[in-house]
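Please look through the sequence and the structure shown below, and then follow this report on its helices, its cores and one serine.

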Amino acid sequence: MGDWLTPDAWQAVRLSLTVSLWAVAASLPLGILVAYALARWRFPGHGLLNGLVHLPLVLPPVVTGYLLLLTFGRRGWVGQWLDQVGIVLAFRWTGAALAAAVMAFPLMVRAIRLSIEAVDPRLEQAASTLGAPRVWVFLTVTLPLILPGILAGAILAFAKAMGEFGATITFVSNIPGQTQTLPSAIYAFLQVPGGEGAAARLVLIAIAIAMAALFLSEWLSRLVARRIRGL
C-alpha cells in the first residue's frame, strides 16, 4: 500500500478514517436522542427541529461549511468562546470531524427514527405500567429493538463522512497532513498535471471503503435482527 500510494495520499486516507470515526462517535448519542424525540414526542417546534436536522441534505455543502465557519471560526459567536479555552476547530482536523458529523447527521437520524417508529408503542407502555422508569424502558425494551437501525445509521453516517468534501474544504481548507481528507486529496491531485493516476487510486479506495461500509451495515443489521427474534 505504501508503494501504491504517495505518503500524502496515504495520510489523507488515514485522516479520513480518523475524522469519520470521530464524527460518528461524537454525534451518535445526540442522533439517538433527536431520533427518539422526532419519533415519539410531540412538542412546539417539532417541525422546525425536523427541518433543521435535514437541512444539510438540501443546502449546498459549501453553504453549510460557510455557516460552520461563521459559527465556529475563531471570530464566530461560538468559536471565540472556544478559543478562550484553547479549543480551535477551524482549519483543524477536529473541524473536519465537525463538518463531517453535521453533513452525515441527517442520514443517521433518519435511519434510527425509522427503526424507532417501527417499534410498537404498546410494548413501551406495557413496561411503563409495570412501574419501570422511562429511561429503563428505553434501555431494556426500545434500545435492543432499534439496535439494527442504530448500526445502519452509524455506518451510513460513516460512509457519508468519508465522502464529505464541500463543507469540509470550506471550513478547514485543504492542508496536506492536517485537514486534507480523501476527497480533498482527490481534488488536489486532479489540479496538477500527471495527478490523474494518484487520484484514480484514491477513487478506488473510496469506492472500496464505501461498499465495505454498506455491506457491513446490511450484515450487522441482519445479524442483530436474527438474535433479537431469537430472544
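A polar contact is a pair of N or O atoms within 3.5 Å, where, within protein, one atom must be able to donate a hydrogen and the other to accept it, and where residues adjacent in sequence count only if both atoms are side-chain atoms. The model is predicted, so local features need pLDDT of at least 70 and side-chain atom pairs count only at pLDDT 80 or more, while totals for chains, interfaces and linings use all residues. Residues are numbered from 1 along each chain as its sequence is written, and side-chain values use heavy atoms, with hydrogens and water left out.

Serine 20 lies in helix H1, a helix being a DSSP run (H or I) of at least four residues, numbered from the N terminus. Serine 20 is buried, with a relative accessible area of 0%, where buried means under 20% (1.4 Å probe, protein chains only). Its side chain reaches the backbone nitrogen of methionine 162 at 3.2 Å.

The largest nonpolar core, a set of buried Ala, Val, Leu, Ile, Met, Phe, Trp, Tyr and Cys residues joined through side-chain atoms within 4.5 Å, is set beside a second, separate core in the table.

| Core | Residues | Among them |
|---|---|---|
| Largest | 38 residues | Val109, Ile112, Leu182 |
| Second | 16 residues | Leu15, Leu68, Leu89 |

Helix H1 (7-40) is one of the elements that give two or more residues to the largest core, and H1 provides its largest share, ten residues.

Terms used:
Buried means under 20% relative accessible area, exposed over 50%, partly exposed in between (1.4 Å probe, protein chains only).
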